[in-house]
Amino acid sequence: MCGIVGYVGGRPCKELLLTGLERLEYRGYDSAGICLINGRADITRRVGKVAVLRDAVGTSAHPATTGLAHTRWATHGGVIEANAHPIEACEGSGVTVVHNGIIENYAALRRELSEAGHVYHSDTDTEAIAHLVEECYSGDLVEAVHKAYQRLDGHFAFAVAHRDSPGVLVAARRGCPLVVGVGEGEMFMASAIPAFLAETRKVQHVFDDEIVVARTDGATFLSGDGTPIEREVQEVEWDDDAAEKQGYETFMLKEIWEQPDAIAQTIGERLYHGQLQLDGLNLSDEQVRGLSRIVFLACGTSYHAGLVGRYLLEEWARIPSESDIASEWRYRRPVIDRNTLVIAIAQSGETIDTLAAMKEARACGAHVLAVTNVMGSQMTRECDSVLYTRAGLEIGVAASKTFTAQLTLLYLLALRLGTIRGTLTGERAETLLAQVRSLPDLVRSTLERGELVEPIADRFARNEFFLYLGRNIGLPIALEGALKLKEISYIATDAYAAGEMKHGPIALLDDSTPVVVIATDGHVYEKVVSNIEEVRARGAHVIAVATEGNEGIRDLAEHVLYLPRTEPELQPVLAVLPLQQLAYAIATRRGLDVDKPRNLAKTVTVE
Ligand code: F6R
């Protein structure tokens, strides 16, 4: 939520900042702004996407070699130019701020600073930071930011520039992402690495409750109490091509097609001479055998991955498992102990509710395993074990390849735990591992059937409601398919356990309703067929996702999306693919921007 970019160096930075913003636009696109420091602070802000800002600043060169930029996902204050960042303190003060997160005590600070004579121009919580820095400034920007930071409550990452301090940017972080890019005689600051990936792959992570001072020749890190900290420079593996569409019409389409690779990479990491090893899982075999419970915690699509994980861990490792939404679980009084394994899943590694739930779980003594796609992200520092998905950079706001990579990792985890606990025989584990290894090919061949969704999209793109049904391990996929459709096409969807439909949602059905049913082969297939009959009896239109070779389903469904045959537990990875493609086909027919659905942001750093 919100993207910050900063530059200090020897090059004119206007274009570098705009390009950085374009790379971070997935974090929010309500408004965008830029501040160029060159004897004065030249600020331009616009409501709308970065393209609107780009038009406003024009193509003429600007000499500034220090600057800040921001793309906003609105929290405090409406989507108007006055609330766009960079936010200035009082006119003429020279202080400008860009911010991601929430300042919880902004109202009290506003009262205090207004009484002290500060004049506010916006409704944002961010403006409290700007006036506080101004209030604390007496010629030393680092000292001013340090003092201001100590007065702030909430979770945030912010960066400050001062008209009178060209060549310096000062930033602070508590709970929201911030990373430094190390160039030759130049430094970048950003909410995420893609912002500067075209310029450098060398990074320094900023940790919670740290202040970072970037100058042309390097960055200095300070703890909250002002103690200097050494921070190593790391090289990231991603290359800048990942941040380009490479001929695809959208990032989401590119990422859908990258799924075979994302899965192969996630598996490849863990196989040594054909043997499965999960480096990063810091549990001894004895601890694994002693586990009494597993709790999956996550939000959104990652929550759906956790729901699949629950079936896998119960089925293969015979460990009682549950899955919950992080923002709900953290406010319960959960009963867990040191024999509980909490598996927190987050693509971004920065989702605030998941982070808070992890803290709660650790406080209760559970072992917390983080599953994330982003190295160095906050959750990797707040866990006992970490396993990475290797999906590469995902820019489309709607998750696709990171979901199937998460499922893949959960297969490997369930196989490993099942083997250690002796609930899978060696032979069965080998068969399953062979099937998991065949997933990249199966996924590719499933995606290649993608044109089958086109007639369905043609027929139903103008409908305003879809129902999704699934049972057992098909239910999380019904939920995920429904989420994909609603978030990128703005069509209302409901997803239900098929057996539960008759307890309410069946009232929604009439002869115009498309109903997507996960009807793959397995022990609940006959039950799903009964539910399909119930749908048909109300005149609704069945779109079935079924297993290749099931000819009978053609008599029950108006459209069938076939999947290659595989173990029932592996079907979710395949079943979600036509649902991603269907959502995509419908959204594009409705003329929508699938990469940047309205009101959404990719990394959710507010509660
Ligand atoms: C849906 C989507 C969101 C995220 C959710 C959690 O397509 O992208 O629902 O899944 O915001 O994000 P992470 O996985 O980063 O915690």
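This note sets out points on the ligand site and on two backbone features of a predicted model.

1. Location of the ligand. The ligand occupies the second largest pocket. Two elements each give two or more residues to the surrounding shell, namely helix H9 (300-317) and helix H16 (475-489). At the level of domains, domain 2 (254-444) and domain 3 (449-589) each supply at least three residues to the shell around the ligand.

2. Composition of the shell. There are 15 residues around the ligand, and those that come nearest are Ser302, Gln347, Ser348, Thr351 and Glu487. Sorted by class, the shell is made up of seven nonpolar, six polar and two charged residues.

3. Polar contacts and burial. Three pairs involving an oxygen atom of the ligand deserve inspection in the model. For Thr351, a polar side-chain atom is found 2.5 Å from an oxygen atom of the ligand. For Thr301, the partner is a backbone N or O atom, at 3.0 Å from a ligand oxygen. For Ala399, a polar backbone atom is 2.9 Å from an oxygen atom of the ligand. The protein buries 90% of the 410 Å² that the ligand exposes when taken alone.

4. Cis peptide bond. The peptide bond that joins His85 and Pro86 is cis, with omega at about 0 degrees. Pro86 belongs to the loop between strand E4 (66-72) and strand E5 (87-88). A reader who examines this loop should therefore expect the cis bond at the His85 and Pro86 step.5. Positive phi. Gln246 is not a glycine, yet its phi is positive, at about 50 degrees. Gln246 is placed in the loop between strand E15 (234-235) and helix H6 (251-257).

6. Summary for the reader. In this predicted model, the ligand sits in the second largest pocket, with 90% of its area buried by the protein. Thr351 contributes a polar side-chain atom, whereas Thr301 contributes a backbone N or O atom and Ala399 a polar backbone atom. The backbone features are the cis bond between His85 and Pro86 and the positive phi of Gln246.

Notes:
Residues numbered from 1 in each chain as written. Predicted model: local features only at pLDDT ≥ 70, side-chain atom pairs only at ≥ 80, totals over all residues. Heavy atoms only, no water. Near = heavy atom within 4 Å. Polar contact = N/O pair within 3.5 Å; in protein donor to acceptor, adjacent residues only side chain to side chain. Areas by Shrake-Rupley, 256 points an atom, 1.4 Å probe, with all protein chains shown as cover. 1 Å grid on protein atoms, 1.4 Å probe; cavity = no way out; pocket = protein on both sides within 12 Å on 5 of 7 lines; lining within 4 Å. Sits in = over half its atoms within 2 Å of the grid points. Helix = DSSP H or I, 4+ residues; strand = E, 2+ residues; numbered from the N terminus. Nonpolar A, V, L, I, M, F, W, Y, C, P; charged D, E, K, R; others polar. Domains from an automatic or database assignment.
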